[in-house]
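Could you show me around this structure, one selection at a time? I have the viewer open and would like to know what to click on next.

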Protein chains: 2
Amino acid sequence: MNIQPLLNYIKNHVALTEAEEAILTSKVSYRKYLKGQFIVQQGDVCKYECFVISGCTKTYFVDDEGQEHIVMFSVEDWWTSDIGSFITQTPADFNVQCLENTELIMFSSDIIEDLYIEIPKLERFFRRIIERALVASQKRIIRSFSLSAKDRFLYFRNQYPQIEQRIPQYMIASYLGITKEFLSKIKSQIILEQ
Amino acid sequence: MNIQPLLNYIKNHVALTEAEEAILTSKVSYRKYLKGQFIVQQGDVCKYECFVISGCTKTYFVDDEGQEHIVMFSVEDWWTSDIGSFITQTPADFNVQCLENTELIMFSSDIIEDLYIEIPKLERFFRRIIERALVASQKRIIRSFSLSAKDRFLYFRNQYPQIEQRIPQYMIASYLGITKEFLSKIKSQIILEQ
DNA sequence: AGTAAATGTTAATCTAGATTAACTTTATTT
DNA sequence: AAATAAAGTTAATCTAGATTAACATTTACT
């Protein structure tokens, strides 16, 4: 089990002692998933918050018309979960599926509460992570209302050039809230402009 | 200073002792704003997270074309702030303006860090508040991608019937990401259907 | 290598919602 | 009670992006 990327990541936010790192390491679990497998399925109760060690996942939901909408991608050093389901222990709105073979560190809902008490610094750490996620989510709402599809795509390409490379274009279109045909049109338009 | 609504609100999440309530009360500040006044202005660094005791605010930003986009409304027992600016102490993206005379309890960025240390239960409290806000924000993204303007309006009307009553319609249109003319059309369409 | 499946492109047509503009109704101020 | 401003409505026209469908290219599988 390779937990070092998580420890490094935590180090950027709070300083854990070796003893605290040992407690953390003993409580979390490690798991490998294959490409195509589901970490969470819509309707299940989500039991884990997961830190991605390697690989890539998509978080999406299927609407009443059967349309798939991708809400986020997660790659190395990102988190993935249906946090709404996790914190309330109610059925998940989202599916989390692996787009590549993926290694995760998993925090179960039971042990995370213990960890908050044993290592209060971790409660601070998660508070900060969630604050950042909230800010990012609010900014995404702004973008969805104030930018055209083309500008949202350019923003995405600029912010996550690595992700654009490893994910099929029709999934990026879904993430941007447009059809794959229209993204194709946008891309050919961008090429013509250069 | 009427802090009781905040203490009641906190009670729903964590149990504070009388001593802890006294510490909290001594550290937060209380302020009244008049209708039209700004709690935060785009470009300023946001110094406070605010709990609304009475009144109503809108949080909005102005895009490059000068268009106003309302991100949220806050009424009694809600929070208001530019949380991105608050946590990073960088210039705010948003304006927060009072739509009515408004009474607030304000947590400054300095004292909130002290409070987390003095009363760790408050760090838990804020973590949970922020988790909920994140979930709400993610669900709003889903709705913006998967629902038509009409369905977003019906959802809003159903979730926040009190807010619909006290806010001008053109602001609700802005919150929904549509023009006031189109909201007007939607409403007359809904009336015809009944 | 050859076939099937997955992914991406192009173009014609259609529609939800924007824009513009003129008008009506409701609040506010004097 | 007028006058003025703010808020809401209606209708005509326009456009960003959806839908449909046929085709092209890339990737994976036997």
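This short tour goes from the contact between two protein chains to a DNA strand, and the model you are looking at is predicted.

**Stop 1: where chains A and B meet.** Colour chain A and chain B separately. Each gives 36 residues to the contact. Together the two chains bury about 3,400 Å², with 68% of that on carbon and sulfur atoms. Now select A:R127, A:L134 and A:F145: these lose the most area to chain B, together 19% of what the chain A side buries.

**Stop 2: charged partners.** Show the side chains of A:E123 and B:R124, which meet in a salt bridge with 2.7 Å from N to O. Across this interface there are eight salt bridges. Next, highlight α5 (120–146) of chain A, one of the elements that supply at least two residues to the side touching chain B. The largest share of that side, 20 residues, comes from α5(A). Counted by class, the side holds 17 nonpolar, seven polar and 12 charged residues.

**Stop 3: DNA strand D.** Select the 14 residues around DNA strand D; among those that come nearest are A:A149 and B:Q169. Which helix supplies the largest share of this surface? It is α9(B), with three residues. The surface has five nonpolar, six polar and three charged residues.

**Stop 4: the phosphates.** Zoom in on B:Y170, where an N or O atom of the side chain is 2.9 Å from a phosphate oxygen of DNA strand D. Then move to A:T179, where a polar backbone atom is 3.3 Å from a phosphate oxygen of the strand. Finish at A:G177, with a polar backbone atom 3.4 Å from a phosphate oxygen of DNA strand D.

Technical notes:
Residues numbered from 1 in each chain as written. Chains lettered and ligands numbered in written order. Predicted model: local features only at pLDDT ≥ 70, side-chain atom pairs only at ≥ 80, totals over all residues. Heavy atoms only, no water. Near = heavy atom within 4 Å. Polar contact = N/O pair within 3.5 Å; in protein donor to acceptor, adjacent residues only side chain to side chain. Helix = DSSP H or I, 4+ residues; strand = E, 2+ residues; numbered from the N terminus. Nonpolar A, V, L, I, M, F, W, Y, C, P; charged D, E, K, R; others polar. Contact = heavy atoms within 4.5 Å. Buried area = accessible area lost by both parts, 1.4 Å probe. Salt bridge = Lys/Arg side-chain N within 4 Å of Asp/Glu carboxyl O.
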